[in-house]
Every structure is written in C-alpha cells, then in structure tokens.
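Trainee: Could we go through this model together, starting with its surface and then its charged pairs?

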Amino acid sequence: MFKLDLPPDPKEVAAIEARRNREKERQSRIFNARTRVIGVDVEALNSQVEERRLQEAAERSKDAAYGTNQVQYDLVAQMLEKEEAERTRRLAKKVQDFREQKQQLRNRCEFDPLDPDRFWNEFPACHNDSGPYCGLTSLQYLSGEDLDRAACLRMQQEQFRSSLEKQLHEQQLARIEEQRIEMLNDQLRLAMDTRAAQLAKLEESCRIAMMSAMAKANKAQAAELAEQQRREHKRKQDANFMEIQNQISSDLTKKHPIAQHSVAPQRVQPHCWKGITPEQRAAIKKAQEVQRQEKEAQREAERAHNAEWEGQAVCLAQATMELEEQERQLGAEFRRGLGSFNQQLAKEQKAQQNYLNSIIYTNEPTAQYYLQFNTSSR
C-alpha cells in the first residue's frame with residue numbers, strides 16, 4: 001500500500017545541489033572581507049547580466065517561434081473555414097437543385113380523397129355574388145376580402161428580388177470602388193516610400209559630404225594646433241636654455257646668503273636658488289625611510305587582519321557544513337521512523353482487510369436475493 005525505500009527524485013536532488021552551491025558562493029562572497037569592504041562582486045554582477053541577456057534572448061526566440069506557429073495556425077484555420085464554407089455551399093446547391101428538379105409543383109399529388117373540403121375546393125372563389133355556381137342565397141365575396149393575394153405576393157416577391165439584385169449590384173460597385181481606392185492608396189504609399197527613400201539617400205549623401213568637410217577642417221585645425229604647439233615648445237626650450245646659461249654663467253651660489261628669503265628665512269628665492277644641500281637631502285631620505293617603515297608595518301597589520309578574517313570564514317564554513325551534516329542525519333532518521341510507521345500502518349490495514357474478508361463479508365448475496373428484492377420493491 002505504501003512505497004518504502006523509494007529512490008530520491010533526480011530533479012529534487014539537482015535542485016538541492018544547486019541551492020547548496022549558491023549558498024556556498026554567497027557565503028564565500030559574504031565572508032570575504034576584501035570584497036565586502038572594498039567594493040561589490042563584479043564577477044557576480046557580470047554573471048547576472050549575462051544570465052539576464054541569455055534569458056531575454058531565449059524569450060525573444062520563444063516569442064518569435066510562437067508568432068510563427070500562430071501565423072501557421074491562422075492560415076490553417078482560414079483554409080479549414082474556406083473548405084467548410086465551400087462544402088456548405090455545395091450541399092445547399094445540391095439541395096436546391098434537388099428541390100428544383102424533383103419537387104416541382106406540377107409533380108405534386110395535391111388531390112386527397114380523404115380531404116373533407118374537397119367539394120369546396122372544386123368551385124373557384126368568386127369576386128362577386130353573380131356567378132354561375134352561386135345560388136340565390138349564396139354569399140361568396142365579403143367586403144374587404146382580397147382574392148388576389150397570391151398575385152400580390154408574387155408581385156411583392158418580384159419587387160423584393162429586383163430590389164435585392166439592385167442592392168447586390170450596388171454592393172458590387174461599392175466593392176469595386178473600394179478596391180480601386182485601396183489600389184490608389186497603395187500606389188500613393190509606394191510613391192511616398194520611394195520619395196522617403198530618395199530623401200534618405202540624399203540626406204545620407206549630404207551627411208557624408210558634411211562629415212568629409214568637417215574631417216578636412218579638423219585636419220587643418222589639428223595641423224595648425226600642432227604647428228602652434230611646436231612653436232611654443234621651441235620657445236620654451238630656448239627660454240630654458242637661456243635660463244640654464246644664465247645660471248651657469250652667473251656668480252650666485254646656493255651657499256650665498258642672497259638665496260635666502262629676507263622675510264622668511266625658511267624659504268628661498270627661486271631665481272637665486274640652485275638646489276638643496278646634502279644635509280637637506282639626507283633629512284628627506286631619512287623621513288622617507290621612516291614613512292616606508294610605517295607603511296610596511298601597516299601592510300603587515302592588514303595582512304594579519306585579513307588572515308584572521310579568512311580563518312573566521314573557514315571556521316564558519318566548517319560550522320555550516322557540520323550543521324548540514326546534522327540536518328542530513330536528522331532527515332535520514334526521520335525517514336527511517338516514517339518508513340517503520342508506514343510498515344506498521346500497512347500491517348494494521350492488511351489485518352483489518354483480512355478480518356473484513358474472512359469474517360464480515362463471508363455471505364455473498366445470490367441471484368435469488370436480488371430477484372426477491374426487485375419483486376418486493378415493485
């Protein structure tokens with residue numbers, strides 16, 4: 001009755017494995033201090049963008065295939081409707097031909113020997129009381145009675161037929177006029193499209209000409225700018241050369257007190273100062289070495305901090321795996337308990353069924369019982 005020891009569902013196993021992998025990736029991103037502190041996970045964002053792009057492409061291809069199938073189905077439905085209409089028209093034509101050929105008025109047997117009004121039908125209706133078949137007390141025509149109703153009906157049918165033919169002719173003329181208007185509209189649209197294509201081609205040629213002229217102007221401007229830059233560079237080089245010559249040929253030295261600023265002794269005059277002293281250079285190197293050592297100590301502290309964070313992440317991952325293992329063990333134990341419970345329940349139900357079949361349902365009703373029951377119910 002109950003299936004025991006069923007194999008796991010492959011789809012469910014794959015879904016659980018995919019969820020576990022996603023959780024591991026999420027934990028690796030969360031517990032990575034560098035990624036969490038410095039910035040976002042660019043690889044994850046790129047993968048999400050790629051997945052979104054692939055999903056949109058799949059949806060577009062699916063929509064295109066669905067549209068193609070819909071067009072094919074519409075064409076098939078139209079063909080089936082046309083065939084059904086043609087079949088109905090042929091059947092109606094056959095019925096009408098049969099009526100016209102086999103059920104004409106002259107081939108009908110209108111005489112009925114058992115008709116109680118046959119004697120009245122032998123005498124035609126009179127339009128007045130002075131007829132050869134009318135006696136002194138006969139009354140055949142009443143005031144307001146229309147004895148030419150059949151002729152009037154035929155005349156009305158003829159008028160209706162003529163009006164219907166006229167309407168059909170007018171509809172046909174209107175359809176022809178509509179087709180002519182549609183043809184003129186198509187020609188107008190074709191002319192407009194041709195004109196638009198010509199204008200687009202002309203605009204493209206104008207744009208190409210403008211781009212060519214702009215490119216030539218840009219080239220000329222770039223050449224002029226390059227020439228100006230070359231002249232400016234040459235002028236600066238000449239000025240620098242003259243300044244170097246002046247500095248070399250002048251009698252000012254860096255040890256001369258004239259290089260110091262008169263107001264602020266810690267500052268120097270740029271036009272007189274020729275460089276720093278060896279003592280100043282040594283002090284600068286010493287300060288740079290101190291800064292380098294401080295930077296190296298800061299990097300060591302950061303590496304230790306990152307190592308500590310990585311160790312904590314590993315510990316957390318191990319704890320998570322242990323919790324998953326405990327959850328798996330609890331699930332297996334629960335399934336084993338559920339299987340034993342199902343077995344016990346199956347045994348009880350089987351015993352109940354055996355009790356019913358062997359003790360309760362032993363006397364089966366015979367055909368005589370059903371016959372007696374039917375007789376008593378009647």
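**Surface and salt bridges**

Mentor: At 44% relative accessibility, Ile-360 counts as partly exposed (buried is under 20% relative accessible area, exposed over 50%, partly exposed in between, with a 1.4 Å probe and protein chains only). This is a predicted model, where local features need pLDDT of at least 70, side-chain atom pairs count only at pLDDT 80 or more, and totals for chains, interfaces and linings use all residues. Residues are numbered from 1 along each chain as its sequence is written, and side-chain values use heavy atoms, leaving out hydrogens and water.

Trainee: Which helix holds Ile-360?

Mentor: Helices here are DSSP runs of H or I with at least four residues, numbered from the N terminus. Ile-360 belongs to the run covering residues 278–360, helix H6.

Trainee: How many salt bridges does the structure hold?

Mentor: Side chains of opposite charge can pair when their charged atoms come close. A salt bridge here is a side-chain nitrogen of Lys or Arg within 4 Å of a carboxyl oxygen of Asp or Glu. By that rule, the count is 21.

Trainee: What is the N to O distance between Arg-53 and Glu-50?

Mentor: Both lie in helix H3 (residues 42–102), three residues apart, about one turn of the helix. Arg-53 is partly exposed at 45%, and Glu-50 is partly exposed at 34%. Their side chains meet in a salt bridge at 2.2 Å.

Trainee: Which residue forms a salt bridge with Glu-296?

Mentor: Glu-296 is partly exposed, at 35% relative accessible area. The closest N and O atoms are 3.7 Å apart, and the partner is Arg-303.

How values were computed:
Helices (H or I, at least four residues) and strands (E, at least two) are DSSP runs, numbered from the N terminus.
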